[in-house]
Amino acid sequence: SQDVIKAGSVILAVLGIIIPVILIAITVSVLISQNQKEIAILRANGITERGMNKMIYKAYNVFLILGIGISIPYSFMILQIIFSIAVKASGIKYPVEIDIFGIAISIIMTLVIYFGTMFVLRLKNKVSVERITYDFG
């Protein structure tokens, strides 16, 4: 029983890292590919690489904050529903409480995944943005 819980926790942790990385990478790639002409125009008007990175990559910071703010109460609500179903099925009561340490770890993990993915994409797409400037410049 403990082994199953540990295995389930590891699987959820791995999925919790892989899924956001894939979603962020796809979203940023689509954003860059759909705005190739605008990026070329901005580059032609003299915007720096730093300014370009700010515009492209920092556009999602607001969504990051909103996502964290919405996900914590939503996750707590879902957790209560799941545990109430487990109580009905097994007759064992599971304590559901807000753990400030768990919330802090979740926020830190989210920030690390988000900014780590954005950093890697920034390095990867630097060549792509330069190619766009060359193609349309």
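## Close-up views of a five-helix chain

**View 1. Buried positions along helix H1.** Ile 24, Val 28 and Ile 32 are buried in H1, where buried stands for under 20% relative accessible area, exposed for over 50% and partly exposed for the range in between (1.4 Å probe, protein chains only). An α-helix has 3.6 residues a turn, so residues three or four places apart point the same way. The 33 residues of H1 should span 48 Å at 1.5 Å a residue, and its end C-alpha atoms are indeed 48 Å apart; the expected span is 1.5 Å times one less than the number of residues. This is a predicted model, in which local features need pLDDT of at least 70 and side-chain atom pairs count only at pLDDT 80 or more, while totals for chains, interfaces and linings use all residues. Residues are numbered from 1 along each chain as its sequence is written, and side-chain values use heavy atoms, without hydrogens or water.

**View 2. The whole chain, for orientation.** Five helices and zero strands make up the secondary structure, with helices (H or I, at least four residues) and strands (E, at least two) taken as DSSP runs numbered from the N terminus. Of the 137 residues in the chain, 16% are buried.

**View 3. The bend in helix H4.** H4 covers residues 61-90 and reaches 42 Å from its first C-alpha to its last, close to the expected 44 Å. Look for Ser 71, where H4 bends by about 25°, with Pro 73 following within four residues; the bend is the angle between axes fitted to the seven residues ending there and the seven starting there. Just after H4, Gly 91 has a positive phi of about 80°.

**View 4. The largest pocket and its lining.** Here about 1500 Å³ of space lies in the largest pocket. Its lining has 35 residues, with Ser 71, Ser 75, Ser 106, Ile 107 and Thr 110 nearest the centre. H1, H4 and H5 (100-136) each supply at least two lining residues. A pocket is an open set of points on a 1 Å grid over the protein atoms alone, where a 1.4 Å probe fits, with protein on both sides within 12 Å along at least five of seven lines; lining residues have an atom within 4 Å of a point.

**View 5. An aromatic pair.** One aromatic pair turns up in a search of the whole structure. Tyr 114 and Phe 115 meet edge-to-face, 4.9 Å centre to centre with 80° between the planes; rings of Phe, Tyr and Trp (its six-membered ring) pair if their centres lie within 6.5 Å, and planes under 30 degrees apart count as stacked, over 60 as edge-to-face and the rest as tilted.

Terms used:
Points joined across faces, edges and corners; volume = space filled by probe spheres on them.
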